[in-house]
Amino acid sequence: MRMDLPPMEATVLTPERLSEAAALTSRAFQDTPVYREMVPDPAKRQDFLLWLFERNFWLRLGSDSTRCIFDNRAGEAGGGERELVMFFMLVKPTTPRLTMWDMVRAGLLRGFLLHGITSMKRMIDIKAWLEEKERQVLGERIGSVARLERVTVLPSRQGQGIGTRALQAALNELDDLKLPTFLCTQEERNVTFYERLGFRVIADEICPIGQAFRNWMMLREPQQPTNIGSTR
């Protein structure tokens, strides 16, 4: 990991940075297989993802499950706005699960008007398949794992160790709570990255919806410090 990283700060998502976080995440997930399957047209997909993530994050505003990573140098240099360099969600078992009413409150029904019945139905079908597969894979543990979701780093800051450092700090937090961590990815290159953080593949299956796509489910067991008395 690089040792010359700038000073960074992790905070929860606020209304003022909601649109920025949604835009960053929508760009990062624009070409992932799961969302290409939902909305094949790239231009329409961009609008769909921006709407989807903004509504999803809106439901979690102020929650500990939203993690914004800021580079503080801009603010220190001239009083300007801090740069959002990374966003992810860390959903603990104690975090209330979103209900259908929550989704309606966030504007789910309006999505059918904005993005069409086909895209919305495909989204619901894929979500149902993933949730059922998760129940099968985790079994009795399903209510006792944390979830790592929506991980994205600003393109201009990728390859600098920011993602590794921020995620390791979050995973250390879960280790202290003795919580296992679960995630899904549809991109093979991500599997190796998460394996370096202690995750292992527990399911590798093809989602049969539409043109189909590969889905990896990964789990990380809580870990102990390597040296007694060491600090993280």
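The legends below accompany views of a predicted model of one protein chain, beginning with the whole chain and ending at Thr185.

**View 1. The overall fold of the protein chain, with its nine helices and seven strands.** Along its principal axes, the C-alpha trace extends over about 55 × 45 × 30 Å. The radius of gyration is 18 Å, which agrees with the value near 17 Å that a compact globule of 232 residues would have. Of the contacts in the protein chain with a separation of 6 or more, 74% are made between residues 24 or more positions apart.

**View 2. The surface and the buried part of the protein chain.** The accessible surface amounts to about 12,400 Å², and carbon and sulfur atoms contribute 53% of this area, while buried residues account for 45% of the 232 residues. Among the side chains of the protein chain, 32 are positive and 30 are negative, and the centres of these two sets are 1 Å apart.

**View 3. Thr185 in strand E5.** This close-up shows Thr185 within strand E5, which covers residues 181-185. Thr185 has a relative accessible area of 5%, and because this lies under 20%, the residue is classed as buried.

**View 4. The surroundings of Thr185.** When residues up to four places away in sequence are left out, Thr185 touches Asn190, Val191, Arg214, Asn215 and Trp216. With Asn190, one of these residues, Thr185 also shares a polar contact of 3.0 Å, which joins the side chains of the two residues.

Note on methods. Residues are numbered from 1 along each chain as its sequence is written. This is a predicted model: local features need pLDDT of at least 70, side-chain atom pairs count only at pLDDT 80 or more; totals for chains, interfaces and linings use all residues. Side-chain values use heavy atoms; hydrogens and water are left out. Helices (H or I, at least four residues) and strands (E, at least two) are DSSP runs, numbered from the N terminus. Buried means under 20% relative accessible area, exposed over 50%, partly exposed in between (1.4 Å probe, protein chains only). A polar contact is a pair of N or O atoms within 3.5 Å; within protein, one must be able to donate a hydrogen and the other to accept it, and residues adjacent in sequence count only if both atoms are side-chain atoms. Contact means heavy atoms within 4.5 Å. The radius of gyration is taken over C-alpha atoms; the globule rule is 2.2 Å times the number of residues to the power 0.38. Accessible areas come from the Shrake-Rupley method with a 1.4 Å probe; for residues, only the protein chains shown count as cover. Lys and Arg count as positive and Asp and Glu as negative; His and the chain ends are not counted. The place of a charge is taken as NZ of Lys, CZ of Arg, CG of Asp or CD of Glu.
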